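Biologist: Could you pick one part of this model and take me through it closely, then show me how it sits in the rest of the chain? Please spell out your cut-offs as you go.

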Amino acid sequence: MTTSPLQATDPLRSHYDRMTIALHWATAVLVVGLFALAEIWSFLPRGTPTRRLLQSLHISFGLLFAAVFVLRIIWRSTQGRRLPPAAQGFLGAASTGVHGLLYLLMAAQIVLGFLFRWAQGEPFTFFGLFDVPRLIAIDREQRHFIGDMHELVAWAIIVLALLHALAALFHHYYLRDGVLRRMLRSR
């Protein structure tokens, strides 16, 4: 792939590849959607059909999120375009730290989601197409702890994702350095 003179002289204005961009935005939509589903069903009475539907959707989209996350890790480590850091010093270290923590929390959330469902001992299906087998036995007594951790990590991801989005807007509107455009589709 060749770079334009503008990209060669200003690497911050170059873009990530289309797959990296697609995986980034798919992750963002799935994270927000999964969080919203869980928050909405928390207001519904237990055992109602709507609550069960939202939980079923949460599980299916959670499995989709796990697949997107694994694909994102593979793509990032093998094919994804590398761009120079958007900032140096404290901002660069903060950016690297938040990205690393987001990845760590998302991986932990996926593991917690699987453990929680297995601890509940209920069917674990992907949009009704297939069942996810139980790979390990989890004591039902652990489900409250795992469920609490799953919720805590979800809130941590949402807070960090919000900070990530605010930082992108700060770069775009205050610093005007083109960082936000790197994650938007190139023309």
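**Around the second strand and back**

Modeller: Let's start with R134, which is in contact with W118 and G121 once its neighbours within four places in sequence are left aside. Contact here means heavy atoms within 4.5 Å. Before going further, a word on what you're looking at: this is a predicted model, where local features need pLDDT of at least 70, side-chain atom pairs count only at pLDDT 80 or more, and totals for chains, interfaces and linings use all residues. Residues are numbered from 1 along each chain as its sequence is written, and side-chain values use heavy atoms, with hydrogens and water left out.

Back to R134, which you'll find in the loop between β2 and α5. Helices (H or I, at least four residues) and strands (E, at least two) are DSSP runs, numbered from the N terminus. R134 is partly exposed, with a relative accessible area of 46%. On that scale, buried means under 20% relative accessible area, exposed over 50%, and partly exposed in between, using a 1.4 Å probe and protein chains only. Ten residues along the chain from R134 is F124, and their C-alpha atoms are separated by 8.4 Å.

F124 is a good place to stop for a moment. Skipping residues up to four places away in sequence, F124 touches I59, L63, F114, R117, W118, F130, D131 and V132. So W118 turns up twice, because heavy atoms within 4.5 Å make a contact and W118 is on the list for F124 as well as on the one for R134. F124 is also one of the residues with the most contacts inside the largest nonpolar core, alongside V31, L63, F65, M106 and I157. That core has 29 residues. By nonpolar core I mean a set of buried Ala, Val, Leu, Ile, Met, Phe, Trp, Tyr and Cys residues joined through side-chain atoms within 4.5 Å. Four helices, α2 (18-41), α3 (49-78), α4 (89-120) and α5, each supply at least two of its residues. The largest share, eight residues, comes from α4.

Another residue touching F124 is R117, and R117 has a partner of its own: its side chain meets that of E122 in a salt bridge (3.5 Å, N to O). A salt bridge is a side-chain nitrogen of Lys or Arg within 4 Å of a carboxyl oxygen of Asp or Glu. The structure holds one of them. The two ends of this pair sit in unlike surroundings, since R117 is buried, with a relative accessible area of 14%, whereas E122 is partly exposed at 38%.

A little further along comes F127, in the loop between β1 (125-126) and β2 (130-131). Its phi is near 50°, a positive value in a residue other than glycine. Most residues other than glycine have a negative phi. F127 is partly exposed, with a relative accessible area of 36%. R176 also has a positive phi, of about 50°, although it is not a glycine. R176 is placed in the loop between α5 (143-175) and α6 (179-182), and with a relative accessible area of 61% it is exposed.

In the segment after α6 you meet M183. M183 is buried, at 13% relative accessible area. It touches Y16, T20, I21, H24 and W25, not counting residues up to four places away in sequence. M183 and W25 are 158 residues apart in sequence and 8.7 Å apart in space, C-alpha to C-alpha.

Now zoom out. The chain has six helices and two strands, in the order α-α-α-α-β-β-α-α along the sequence. Its C-alpha trace spans about 60 × 30 × 30 Å along the principal axes. Of the 187 residues, 33% are buried. Among contacts between residues at least 6 apart in sequence, 73% join residues at least 24 apart. The chain exposes about 12000 Å², with carbon and sulfur atoms supplying 68% of it; accessible areas come from the Shrake-Rupley method with a 1.4 Å probe, and for residues only the protein chains shown count as cover.
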